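Thanks for coming. I have one structure to go through today, so please have a look at the screen.

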Amino acid sequence: MPSSLRIPYPALCDLLAAALTKAGLSAACAATEARIMAEADLLGVPSHGIRMLPPLLTAMAEGRVNPSAHWQIERETLATSLLDCENGPGRASACHAMDDAVSRARHCGIGACLARRTTHWGRAHAYAARAAQQGMIGLCMTNAMPTMAAWGATRRIIGNNPIAIGIPQANPDTPLVLDIAMSQAAVGKVNTWKREERDVPPGWGLDAEGRPSQDAAAILAGAVLPFGGHKGAGLALMVELLTAALAGGAFGNEIVGSDRSGLDPDSCKLFIAIDPAAFGGRETLNARVESMLAYLATEAAPFVWPGQRGWAERDANLVAGVPVHLDIVRELAAAGVSLEAAG
């Protein structure tokens, strides 16, 4: 018996958008949320995809995510903006913020949008790629509720605070995108391994008693660990300061006091776009990227650049349909969203 159901990507987006519209989002906002949410599954990362719809619907119903939010620029220069997102849906807010940074970069060579009072954005990859597909270098990062133990702590004290970097190349549809959490493995990935009933590798996390564990469920009840020890922990702290401290917003430990849903209300995000035309030029960047990738493909074969597997998964799944694990199908059905008819 198959463990997943394959659904055409456009049909999946339409089903998610309909559920979000019914929950109170505008049609445009719902379409953006649905597309970014389904895109994670399309690119082979179900940990950050449509499995996040039921918690989002619940959070909107309970007022922890504001379906009627408006984006308000609180402060700006030609190259920068401080954006209040009023705790609206995180994916649409993140797209708006990155587009703001890209627009400023077209005029100034570099643009930065610091967004405060945001909610969970799903996968950082989506926004770095969004800039890179417009010919820009894109960077984005966010703080988050604590899920990670660090500096000798045996419980959650800081978020895994992901960073993504997107670099355009000659084919604008397939930029290089590095998307990393500061933990050895993202919490969503631990969830995926739990669903698949797999023991996680050593070093991923601690159980609720602060003991090293390879049991995914025990780690979810405890804490994940930073990659590289002090390196991942230090980067997590710096992201906290580049987002929440710079925006005068809530640190991750201040988020957790009011919300345990994983939706990260009141989190802060930084979006940066750099126009290669302001430096060596777009054609020069494309040529040098191609040269570097060719060198690595020769010296480190088989070499896979960041994001390459995801674009290949996308192309295959656009033909075969997006695979959705049957557990997620059931979770969505319980939230009133049936995928069976679309499969």
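I will start with the sheet, then the helices packed on it, then a pocket, and end with one proline. Keep in mind that this is a predicted model.

First, the sheet. It is open and made of seven strands, in the order 2-3-4-11-5-6-7, with mixed pairing. Which strands stand at the edges? They are strand 2, residues 72-76, and strand 7, residues 176-180. Each of these has a single partner strand, so one of its sides has no neighbour in the sheet. On average, and ignoring direction, neighbouring strands are turned by 15 degrees against each other.

As a reminder, strands in a sheet pair through backbone hydrogen bonds, parallel or antiparallel. One pair to look at here is strand 5, residues 137-142, with strand 6, residues 163-167. The sense is antiparallel, and the pair has four bridges. Within that pair, Leu-139 has Ile-165 of strand 6 as its bridge partner.

Now the helices. Helix 8, residues 230-247, packs on the sheet and touches strands 3, 4, 5, 6 and 11. The direction of helix 8 makes about 105 degrees with that of strand 11. Helix 4, residues 90-108, lies across strands 2, 3, 4, 5 and 11. Relative to strand 4, residues 110-118, helix 4 runs at about 160 degrees.

Helix 5 covers residues 125-132. How many of its eight residues are buried? Seven are, so to speak of helix 5 as mostly covered is fair. The buried ones are His-125, Ala-126, Tyr-127, Ala-128, Ala-129, Ala-131 and Ala-132.

Next, the second largest pocket. It holds about 230 Å³ of space. Strand 2, strand 3, strand 4 and helix 8 each supply at least two residues of its lining. Among the lining residues are Arg-75, Glu-76, Thr-77, Thr-80, Ser-81, Cys-113, Leu-246 and Leu-270. By class, the lining has seven nonpolar, three polar and two charged residues.

Last, the proline. Pro-265 sits in the loop between helix 9, residues 252-255, and strand 11, residues 267-274. Is Pro-265 buried or exposed? Its relative accessibility is 8%, and the cut-off for buried is under 20%, so Pro-265 counts as buried. Pro-265 and Arg-195 are 70 residues apart along the chain, and their C-alpha atoms are separated by 26 Å.

That is what I have. Questions are welcome.

Methods: Residues numbered from 1 in each chain as written. Predicted model: local features only at pLDDT ≥ 70, side-chain atom pairs only at ≥ 80, totals over all residues. Heavy atoms only, no water. Pairing = 2+ DSSP bridges. Axes fitted to C-alpha atoms, helices over the stretch in contact; angles between N-to-C directions. Contact = heavy atoms within 4.5 Å. Buried < 20%, exposed > 50% of the residue type's maximum accessible area, 1.4 Å probe, protein only. 1 Å grid on protein atoms, 1.4 Å probe; cavity = no way out; pocket = protein on both sides within 12 Å on 5 of 7 lines; lining within 4 Å. Points joined across faces, edges and corners; volume = space filled by probe spheres on them. Nonpolar A, V, L, I, M, F, W, Y, C, P; charged D, E, K, R; others polar.
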